[in-house]
Amino acid sequence: MSVARTTEITASSKKSFDDALASGIKRAAKTLENVTGAWIKDQELVVDKGKIAEYKVRMKVTFVLK
């Protein structure tokens, strides 16, 4: 039997939502062991002077406890 935990993280990128997702998962995997998945809770844009300045994603990352 295994036990999993979920934690919420926010990641951002100046390039795209995909880049924000990838950097968030990459960073989470450095700190958390046994990352098994993620659920995208929310996406957000930061707009500056009518242009997209930043892409943000809020996700719930699941990892299995040892």
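Which residue in β3 is the bridge partner of W39? The partner is K60, and the pairing to which these two residues belong is a convenient point of entry into this predicted model.

The overall composition comes first. The protein contains one helix and three strands, and its elements follow the order β-α-β-β from the N terminus on. The radius of gyration is 14 Å, well over the 11 Å that the globule rule gives for 66 residues, so the protein is more spread out than a compact globule. The extents of the C-alpha trace describe the form in another way: along the principal axes, the trace spans about 50 × 20 × 15 Å. Buried residues account for 17% of the 66 residues. When contacts between residues at least 6 apart in sequence are considered, 64% of them join residues at least 24 apart.

The strands can now be placed relative to one another. They form an open sheet of three strands in the order β1-β3-β2, with antiparallel pairing. The edge strands are β1 and β2, each of which pairs on one side only. On average, neighbouring strands of this sheet are turned by 15° against each other, direction ignored. As a general matter, the strands of a sheet pair through backbone hydrogen bonds, in either a parallel or an antiparallel manner.

Each of the two pairings can be followed residue by residue. Strand β1 covers residues 3–13 and strand β3 covers residues 51–65; their antiparallel pairing extends over 11 bridges. Within that pairing, S12 has K56 in β3 as its bridge partner. On the other side, strand β2, residues 35–48, pairs with β3 in the antiparallel sense over 12 bridges. Here E44 has K56 in β3 as its bridge partner, and W39 is matched with K60 in β3. K56 is thus the bridge partner in β3 of both S12 and E44.

The connection between β2 and β3 deserves separate attention. These strands form a hairpin with two residues between them. K49 lies in the loop between β2 and β3 and has a positive phi of about 55° although it is not a glycine. With a relative accessibility of 79%, K49 counts as exposed, because the threshold for that class is over 50%. The C-alpha atoms of K49 and T62 are 37 Å apart in space, while the two residues are 13 residues apart in sequence.

A positive phi also occurs in another loop. N34 is found in the loop between α1 and β2, and its phi is near 60°, a positive value in a residue other than glycine. Is N34 buried, partly exposed or exposed? The relative accessible area of N34 is 37%, and this residue is therefore partly exposed.

The helix is the next element to consider. Helix α1 packs on the sheet, touching β1, β2 and β3, and its direction makes about 35° with that of β3. At the level of side chains, one aromatic pair is counted. The rings of F17 and Y55 have their centres 5.1 Å apart and their planes at 75°, so the pair is edge-to-face. F17 lies in helix α1, residues 17–31, and Y55 in strand β3, so the pair ties together parts that are 38 residues apart in sequence. The two residues fall into separate accessibility classes: F17 is partly exposed, with a relative accessible area of 22%, whereas Y55 is buried, with a relative accessible area of 16%. The dividing value here is 20%, under which a residue counts as buried.

Y55 also appears among the contacts of S13, a residue of strand β1. Leaving aside residues up to four places away in sequence, S13 touches D19, A20, E54 and Y55. S13 is buried, with a relative accessible area of 6%. A polar atom of the S13 side chain lies 2.9 Å from the backbone nitrogen of K15.

In summary, the picture is one of an open sheet in the order β1-β3-β2, with α1 packed on the sheet and an edge-to-face pair of F17 and Y55 that ties together parts 38 residues apart in sequence.

Key: Residues are numbered from 1 along each chain as its sequence is written. This is a predicted model: local features need pLDDT of at least 70, side-chain atom pairs count only at pLDDT 80 or more; totals for chains, interfaces and linings use all residues. Side-chain values use heavy atoms; hydrogens and water are left out. Two strands pair if DSSP finds at least two bridges between them. Helices (H or I, at least four residues) and strands (E, at least two) are DSSP runs, numbered from the N terminus. Buried means under 20% relative accessible area, exposed over 50%, partly exposed in between (1.4 Å probe, protein chains only). Rings of Phe, Tyr and Trp (its six-membered ring) pair if their centres lie within 6.5 Å; planes under 30 degrees apart count as stacked, over 60 as edge-to-face and the rest as tilted. Axes are lines fitted to C-alpha atoms, for helices over the stretch in contact, and angles run from 0 to 180 degrees between N-to-C directions. Contact means heavy atoms within 4.5 Å. A polar contact is a pair of N or O atoms within 3.5 Å; within protein, one must be able to donate a hydrogen and the other to accept it, and residues adjacent in sequence count only if both atoms are side-chain atoms. The radius of gyration is taken over C-alpha atoms; the globule rule is 2.2 Å times the number of residues to the power 0.38.
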